[in-house]
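Grab a pencil and open the viewer. Here are some exercises to work through with the structure beside you.

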Amino acid sequence: MRIARFSIDGTVGFGVLEAAPSEGEEPVLDIIRGHPFAEFERSGRRVPLSKVRLLPPVLPSKVVAIGRNYTEHARELGNEVPDVPVTFFKPSTSVIGQGDDIVYPRISSDVHHEAELAVVIGRLCRDVPRERAREVILGYTCANDVTARDVQRREGQWARAKGFDTSCPLGPWIETDLDPSDLAIMCTVNGEQRQLGRTGEMVRSVEDLIVHITESMTLLPQDVILTGTPAGVGPLHVGDRVAVTIEGIGTLTNKVVKRD
Ligand code: MG
């Protein structure tokens with residue numbers, strides 16, 4: 001099931017994406033009564049996908065991100081895969097959705113794309129054992145861990161480099177029925193392929209990361225885990241259109257704009 005968060009005529013809601021009712025028509029959203037982090041019902045009220053504005057699929061209390069979780073990517077930046085996962089936060093204010101603009105920050109002249117599988121947490125959890133890790137997941141979406149690489153190199157902590165406004169595109173929706181263990185993940189810039197990998201190359205699996213993170217902190221419904229990026233990261237420029245595609249989920253597209 002694909003669950004999207006959207007606005008239409010000033011109202012915000014969640015809907016389940018359905019295929020076009022008939023040939024020549026477009027996909028529709030069946031509006032949810034309640035919200036997807038508890039038991040919910042489909043209302044049967046449908047709106048065409050093209051009539052809504054897609055919003056970030058969740059409003060997380062925190063985005064917990066993992067660095068250097070693909071060996072080839074760690075090496076391309078001159079690093080090795082660390083013994084313990086590198087963990088950092090992206091703030092809620094960095095989150096944007098499908099079609100929203102990535103605003104190039106004034107603090108940087110070397111902003112990079114990082115295509116990542118995002119895990120959306122479905123229930124409050126702490127100290128999750130590995131065999132129960134899948135139970136706390138609502139689903140998966142595409143993410144771009146947009147990074148000011150020059151700031152990251154200059155500063156010991158990555159809060160500014162990876163936490164600036166608009167640095168966390170998420171979307172276009174949450175796919176709930178998916179095995180995350182070996183999905184193709186790709187990033188294009190202006191239609192040109194930059195990153196291509198498989199989630200099966202991750203050093204630490206989704207389950208391992210949930211165990212590791214919840215050893216130290218409680219995860220809440222709507223929280224998001226970014227699982228690291230495959231090799232091929234590179235610069236973004238004002239005017240670029242960057243797209244992250246993950247097999248079984250879809251494509252998250254954003255444009256890079258100059259800050260006024
Ligand atoms: Mg990253």
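What follows is a set of exercises on this predicted model, each with a worked solution.

**Exercise 1. Find out how the chain is divided, and how its parts sit relative to one another.**

Step 1. Start with the split: domain 1 covers 2–54 and domain 2 covers 63–258.

Step 2. Now look at the spacing. The C-alpha centres of domain 1 and domain 2 lie 25 Å apart.

Step 3. Check the contacts: nine residues of domain 1 touch 15 residues of domain 2.

Step 4. Bring in the record. UniProt, in an unreviewed entry, puts "domain: Rv2993c-like N-terminal" at residues 1–57. It also lists "domain: Fumarylacetoacetase-like C-terminal", again from an unreviewed entry, at residues 62–257.

Step 5. Look at what each span is made of. Residues 1–57 are 0% helix and 54% strand, while residues 62–257 are 13% helix and 39% strand. The end C-alpha atoms are 13 Å apart for residues 1–57 and 25 Å apart for residues 62–257.

**Exercise 2. Work out which residues hold the magnesium ion, and how they are spaced along the chain.**

Step 1. Click on the ion and look for its donors: they come from Glu114 (OE), Glu116 (OE) and Asp145 (OD), at 2.0 to 2.1 Å.

Step 2. Write the donors as a pattern along the chain, and you get E-x1-E-x28-D.

Step 3. Are glutamate 114 and glutamate 116 buried or exposed? Both of these glutamates are buried.

**Exercise 3. Follow strand β3 and name its partners on either side.**

Step 1. Begin with burial. Strand β3 (residues 28–33) has five of its six residues buried, so the rest of the structure largely encloses it.

Step 2. Go to strand β2 (residues 11–18): four bridges tie it to β3, and the two run antiparallel. One place to look is glutamate 18, which stands opposite valine 28 in β3.

Step 3. Now try strand β4 (residues 41–48), joined to β3 by five bridges, also in antiparallel fashion. Here isoleucine 32 faces arginine 42 in β4.

Step 4. Keep the general idea in mind: strands in a sheet pair through backbone hydrogen bonds, parallel or antiparallel.

**Exercise 4. Explain why β12 counts as largely enclosed, then trace its pairings.**

Step 1. Count the buried residues. Eight of the eight residues of β12 are buried, so the rest of the structure largely encloses this strand.

Step 2. On to β11, which shares seven bridges with β12 and runs antiparallel to it. Alanine 118 stands opposite threonine 141 in β12.

Step 3. Three bridges link β12 to strand β14 (residues 168–175), antiparallel again. Cysteine 142 has glycine 171 of β14 as its bridge partner.

Step 4. Stay with glycine 171 for a moment: its peptide bond to proline 172 is cis, with omega near 5°. Proline 172 sits in strand β14. That's worth a second look, as most peptide bonds are trans.

**Exercise 5. Show that the buried residues of helix α4 share a side, and say what covers them.**

Step 1. List the buried residues of α4 (residues 206–214): Val206, Glu207, Leu209, Ile210, Ile213 and Thr214.

Step 2. Look down the axis. These residues cover an arc of only 160°, which puts them on the same side of α4.

Step 3. Recall the rule behind this: an α-helix has 3.6 residues a turn, so residues three or four places apart point the same way.

Step 4. Look at the cover, which includes β6 (63–67), β11 (115–121), β12 (137–144) and β17 (224–226).

**Exercise 6. Describe the surroundings of threonine 218 and the backbone of glutamine 222.**

Step 1. Place threonine 218: you'll find it in the loop between α4 and β17.

Step 2. Check its exposure. Threonine 218 has 30% relative accessibility, so it counts as partly exposed.

Step 3. Leave out neighbours within four places in sequence, and threonine 218 contacts Lys62, Leu124, Cys125, Arg126 and Asp223.

Step 4. Turn to glutamine 222, in the loop between α4 and β17. Its phi is near 85°, a positive value in a residue other than glycine.

Notes. Residues are numbered from 1 along each chain as its sequence is written. This is a predicted model: local features need pLDDT of at least 70, side-chain atom pairs count only at pLDDT 80 or more; totals for chains, interfaces and linings use all residues. Side-chain values use heavy atoms; hydrogens and water are left out. UniProt positions are given in the numbering used here, feature names are shortened, and annotations may be inferred rather than shown by experiment. Donors are N, O and S atoms within 2.8 Å of the metal (3.2 Å for Na, K and Ca); water is not among the atoms, so sites may look incomplete. Buried means under 20% relative accessible area, exposed over 50%, partly exposed in between (1.4 Å probe, protein chains only). The arc is that of the directions from the helix axis to the C-beta atoms. Contact means heavy atoms within 4.5 Å. Two strands pair if DSSP finds at least two bridges between them. Domain bounds come from an automatic or database domain assignment.
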